[in-house]
Amino acid sequence: MSASAPEPVDDGAALAASIRDLANAIRALAAHAPRDPDALLTAEEVGALLGLSPRSLKDRAAAGAFPHRRFGKHYRFSREDVAEIVQLTKSSVRPYRGGMRAA
């Protein structure tokens with residue numbers, strides 16, 4: 001068996017295929033990259049994390065009850081803000097005492 005020379009390949013097609021492969025690899029890496037720990041979260045994201053409605057979260061922030069950052073009409077929350085909100089809500093929750101109420 002003799003080794004045959006590879007057939008000539010169109011350089012443009014090979015380059016395009018390599019670029020596609022590289023772009024796909026970058027997309028795959030970006031999808032698994034960790035989020036920026038300093039990124040600010042939206043009211044919707046924090047609400048989903050804490051089980052609060054975004055509207056209630058914004059209302060409490062506007063009233064000064066929750067720490068936040070405001071950019072125009074947009075509310076944003078740092079991870080430290082979220083931790084403080086958890087502490088604030090933890091101390092304000094009262095246990096259910098049960099029992100029957102008279103009507």
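## Briefing: a three-stranded sheet and its surroundings

Leu 41 has Phe 77 of strand 3 as its bridge partner. That pairing is a handy way into this predicted model, whose secondary structure consists of four helices and three strands. Along the sequence, the elements come in the order α-β-α-α-β-β-α. Below is a quick tour: sheet, core, charged pairs, one loop residue, then the overall numbers.

**The sheet**

- The three strands make an open sheet, ordered 1-3-2, with antiparallel pairing.
- Strand 1 (41-42) and strand 2 (69-71) sit at the edges with a single partner strand each, so each has one side without a neighbour in the sheet.
- Strand 1 and strand 3 run antiparallel and are joined by two bridges, and Leu 41 with Phe 77 is one of the pairings here.
- On the other side, strand 2 and strand 3 pair over three bridges, again in the antiparallel sense.
- Within that pairing, Arg 69 stands opposite Arg 76 of strand 3.
- Strands 2 and 3 also form a hairpin, with two residues between them. Gly 72 lies in the turn and has a positive phi of about 65°.
- Strand 3 is two-faced: Tyr 75 and Phe 77 are on the covered face, while His 74 and Arg 76 are on the uncovered one.

**The nonpolar core**

- As a general point, nonpolar side chains in soluble globular proteins tend to be buried together.
- In this model, the largest nonpolar core has 10 residues: Leu 41, Ala 43, Val 46, Leu 57, Ala 61, Phe 66, Tyr 75, Phe 77, Val 82 and Ile 85.
- At least two residues of this core come from each of helix 2 (43-50), helix 3 (54-62), strand 3 and helix 4.
- Tyr 75 and Phe 77, the covered face of strand 3, are both members of the core.
- Which residues does Val 82 touch, leaving out those up to four places away in sequence? They are Leu 41, Val 46, Leu 50 and Phe 77.

**The salt bridges**

- How many salt bridges does a search of the whole structure find? The search turns up three.
- Lys 58 and Glu 44 meet through their side chains at 3.7 Å, N to O. This pair links distant parts of the chain, with Lys 58 in helix 3 and Glu 44 in helix 2, 14 residues apart. Glu 44 is partly exposed, at a relative accessible area of 43%.
- Asp 59 and Arg 55 form a salt bridge at 3.0 Å, N to O. Both lie in helix 3, four residues apart, or about one turn of the helix. Asp 59 is partly exposed, with a relative accessible area of 42%.
- Asp 81 pairs with Arg 69, and their closest N and O atoms are 2.5 Å apart. Asp 81 belongs to helix 4 and Arg 69 to strand 2, so this salt bridge ties together parts 12 residues apart in sequence.
- Is Asp 81 buried or exposed? Asp 81 is buried, because its relative accessible area is 6% and the cut-off for buried is under 20%. Its partner Arg 69 is partly exposed, at 35%.

**Ser 78, between strand and helix**

- Ser 78 occupies the loop between strand 3 (74-77) and helix 4 (79-92).
- Why does Ser 78 count as buried? Its relative accessible area is 5%, and buried means under 20%.
- Leaving out residues up to four places away in sequence, Ser 78 touches Leu 40 and Arg 69. Arg 69 is also the residue in the salt bridge with Asp 81.

**Overall numbers**

- The protein has 103 residues, and 15% of them count as buried.
- The protein exposes about 8600 Å², with carbon and sulfur atoms supplying 58% of that area.
- Among contacts with a separation of 6 or more, 41% are between residues 24 or more positions apart.

**Confidence**

- The average pLDDT is 81, and 76% of the residues score at least 70.
- Confidence is highest in strand 3, at 96, and lowest in helix 1 (residues 11-32), at a mean of 80.

Key
Residues are numbered from 1 along each chain as its sequence is written. Side-chain values use heavy atoms; hydrogens and water are left out. Buried means under 20% relative accessible area, exposed over 50%, partly exposed in between (1.4 Å probe, protein chains only). Contact means heavy atoms within 4.5 Å. Accessible areas come from the Shrake-Rupley method with a 1.4 Å probe; for residues, only the protein chains shown count as cover. Two strands pair if DSSP finds at least two bridges between them. A nonpolar core is a set of buried Ala, Val, Leu, Ile, Met, Phe, Trp, Tyr and Cys residues joined through side-chain atoms within 4.5 Å. A salt bridge is a side-chain nitrogen of Lys or Arg within 4 Å of a carboxyl oxygen of Asp or Glu. pLDDT is the predictor's confidence in each residue, from 0 to 100.
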